[in-house]
Amino acid sequence: MRRVKLNICALLLCLLFFIAQRGWALPFAVNDYAVADASQFALVQTTKGFFEMRFLINKAPVHVLNFQYLARNGFYNGLTFFRYFQGYILQSGDPNNDGSGGTGYTLPPEFSDVKHRRGTIAMSRIRGDKNPERESNGSQFYISLGESPQLDGLYSVFAEVVNGMDVVEKLRVGDKILSIRLSR
């Protein structure tokens, strides 16, 4: 356990240095205390029911803390799922509800070895030449509805659905996130 904490601390120091070099300004502090206090789970209430997600703090600490910051402040409440491709992805987190909006900031990439499988949750990003650093959108996220190896290593995976995938699979464009409750 001590080794894991040391690795997380080293990762956070590297990320903080990288963030400072890029001039990113995040609305929350990333530090050892924030990581130690991060919730492990979230219960997401939607118009079709509940699903539970488990955060991957060791794989994407900045993305986890960002999502939790937004959830705690009610950012996601009332937002719709605006993109759905059967067997591929379901996307939400845009205050404009059309894929064009966000928080006004981006996140540094946190790529990992986590594979895109059914239930994987990752942050979206602007594609291609507009985003050569492959920064993540500040709030838009997607849930994988099947295996998508073409996405592996290209997006920051920060969570996974652990209960209620049947609810996720019922969600469509126009359905809403009603609330997100964080828990240990």
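Me: How many aromatic pairs does the structure hold?
Reply: This is a predicted model: local features need pLDDT of at least 70, side-chain atom pairs count only at pLDDT 80 or more, while totals for chains, interfaces and linings use all residues. Residues are numbered from 1 along each chain as its sequence is written, and side-chain values use heavy atoms, with hydrogens and water left out. The count of aromatic pairs is eight.

Me: What makes the pair of phenylalanine 67 and phenylalanine 158 tilted?
Reply: The centres are 5.3 Å apart, and the planes make 40 degrees. Rings of Phe, Tyr and Trp (its six-membered ring) pair if their centres lie within 6.5 Å; planes under 30 degrees apart count as stacked, over 60 as edge-to-face and the rest as tilted. The distance passes, and the angle falls in the remaining range, so this is a tilted pair.

Me: How do you know that this pair links distant parts of the chain?
Reply: Phenylalanine 67 is in helix H3 (residues 61–72) and phenylalanine 158 in strand S9, 91 residues apart. Helices (H or I, at least four residues) and strands (E, at least two) are DSSP runs, numbered from the N terminus.

Me: Why is phenylalanine 67 called buried?
Reply: Buried means under 20% relative accessible area, exposed over 50%, partly exposed in between (1.4 Å probe, protein chains only). Phenylalanine 67 has 1%, so it counts as buried.

Me: And why phenylalanine 158?
Reply: Its value is 0%, so phenylalanine 158 is buried too.

Me: Why is the pair of tyrosine 76 and phenylalanine 141 called edge-to-face?
Reply: The planes of these rings are 85 degrees apart, and the centres 5.6 Å. Both values meet the rule, so the name fits. This pair also links distant parts of the chain: tyrosine 76 is in the loop between H3 and strand S3 (83–85), phenylalanine 141 in strand S8, and 65 residues separate them.

Me: Are tyrosine 76 and phenylalanine 141 buried or exposed?
Reply: Tyrosine 76 has a relative accessible area of 0%, so it is buried. Phenylalanine 141 has 3%, so it is buried as well.

Me: Which residues do ring pairs link into a cluster?
Reply: Phe55, Phe67, Phe75, Tyr76, Phe141 and Phe158.

Me: What makes a group of residues a nonpolar core?
Reply: A nonpolar core is a set of buried Ala, Val, Leu, Ile, Met, Phe, Trp, Tyr and Cys residues joined through side-chain atoms within 4.5 Å. The largest one here has 34 residues. Those with the most contacts inside it include Phe67, Tyr76, Phe141 and Phe158. H3 gives the largest share of this core, six residues. Another core lies apart from it, of eight residues, among them Ala122, Tyr142, Tyr155 and Val157.

Me: How do you know that strand S2 (residues 49–55) and strand S9 (residues 157–163) pair?
Reply: Two strands pair if DSSP finds at least two bridges between them. S2 and S9 have four bridges, in the antiparallel sense, so they pair. In S9, alanine 159 is the bridge partner of phenylalanine 55.

Me: How many bridges join strand S6 (residues 120–123) to S9?
Reply: Three, and the strands run antiparallel. One bridge partner in S9 is glutamate 160, facing threonine 120.

Me: Where does serine 156 lie, and why is it called buried?
Reply: Serine 156 lies in the loop between strand S8 (141–144) and S9. Its relative accessible area is 0%, so it is buried.

Me: What makes the link between serine 156 and histidine 63 a polar contact?
Reply: A polar contact is a pair of N or O atoms within 3.5 Å; within protein, one must be able to donate a hydrogen and the other to accept it, and residues adjacent in sequence count only if both atoms are side-chain atoms. The two side chains are joined at 3.5 Å, so the distance fits.

Me: How do you know that the charged end of arginine 125 sits over the ring of tyrosine 155?
Reply: A charge sits over a ring if NZ of Lys or CZ of Arg is within 6 Å of the ring centre and within 35 degrees of the ring normal. Here the distance from the ring centre is 4.4 Å, so that limit is met.
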